[in-house]
Amino acid sequence: PVSVRNVCGQRYLYSPEDTTGARDPTLEGVLGKLEATAAKIWPCLTQGELDLTNQEIRGFLANFVSILHLRNVFLYRTIDKVIELRDKLYGAPTPEFFAGPDPTHSGRFFVHTMLENMGKFSEHLSQKPWMVLVSEDAGFFTCDRPVVVDPKSFFRSRSELLLPLSPTHVLATQGVGE
């Protein structure tokens, strides 16, 4: 058995302290707005009643799915392990290396990565055809990493993405021909 604390929580994951000890609420604000809008359309989305050909709806879904994909603690832990291994092998970076995201702190690098890449993912996803697939059997499940995508082929035209909406409904993008 694993403690809920070890599975479901990490304090300040989306607002790590900066070098002065202050917390930046930017990402929390972005997440709050996306989640508030998602809550309003979720019932229609889970029943397949949204017009997924509408560019505004696809744009919102692309933003929402992008941040769901990027915001998970697995990505944070991966960044943390990479920074730890880099420091073991090569030592910590020098201050003149800090032109981009802070390479010394996993939390700041994680938040920067999300904010930096959300637009790229979103732009790519908004161009794809979307659909809600329905299964009569309760075969879909949700988890802490709900977006299923092959990272090696994500930006290729034939890539597909799946997001379970309920046990019987899944949001999917359709790969288009190359």
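**Helix packing and core of a predicted model**

Read from the N terminus, the protein follows the pattern α-α-α-α-α-β-β-β-β. This is a predicted model, in which local features need pLDDT of at least 70 and side-chain atom pairs count only at pLDDT 80 or more, while totals for chains, interfaces and linings use all residues. Residues are numbered from 1 along each chain as its sequence is written, and side-chain values use heavy atoms, with hydrogens and water left out.

Biologist: How many helices and strands does the secondary structure of the protein come to?

Modeller: Elements are DSSP runs numbered from the N terminus: helices are H or I runs of at least four residues, and strands are E runs of at least two. On that basis the protein has five helices and four strands.

Biologist: How are H2 and H5 oriented to each other?

Modeller: Axes are lines fitted to C-alpha atoms, for helices over the stretch in contact, and angles run from 0 to 180 degrees between N-to-C directions. Helix H2 (residues 26-46) and helix H5 (residues 106-126) pack at about 50°, with axes 10 Å apart. Angles under 35 degrees count as roughly parallel, over 145 as roughly antiparallel, 65 to 115 as roughly perpendicular and the rest as oblique. H2 and H5 are therefore oblique.

Biologist: Which residues in H5 do Thr26, Leu27 and Val30 in H2 meet?

Modeller: Contact means heavy atoms within 4.5 Å. By that criterion, the three residues of H2 meet Val111, Met114, Leu115 and Met118.

Biologist: Which element gives the most residues to the largest nonpolar core?

Modeller: Such a core is a set of buried Ala, Val, Leu, Ile, Met, Phe, Trp, Tyr and Cys residues joined through side-chain atoms within 4.5 Å. The largest has 33 residues, and those with the most contacts inside it are Val65, Phe110, Met114, Trp130 and Leu171. Two or more residues come from each of H2, helix H3 (55-70), helix H4 (73-90), H5 and strand S3 (161-164). The most, eight residues, come from H3.

Biologist: Is Val82 buried or exposed?

Modeller: Val82 is found in helix H4. Buried means under 20% relative accessible area, exposed over 50% and partly exposed in between, with a 1.4 Å probe and protein chains only. Because its relative accessible area is 53%, Val82 is exposed.

Biologist: What percentage of the 178 residues of the protein count as buried?

Modeller: In soluble globular proteins, nonpolar side chains tend to be buried together. Of the 178 residues here, the share that count as buried is 37%.
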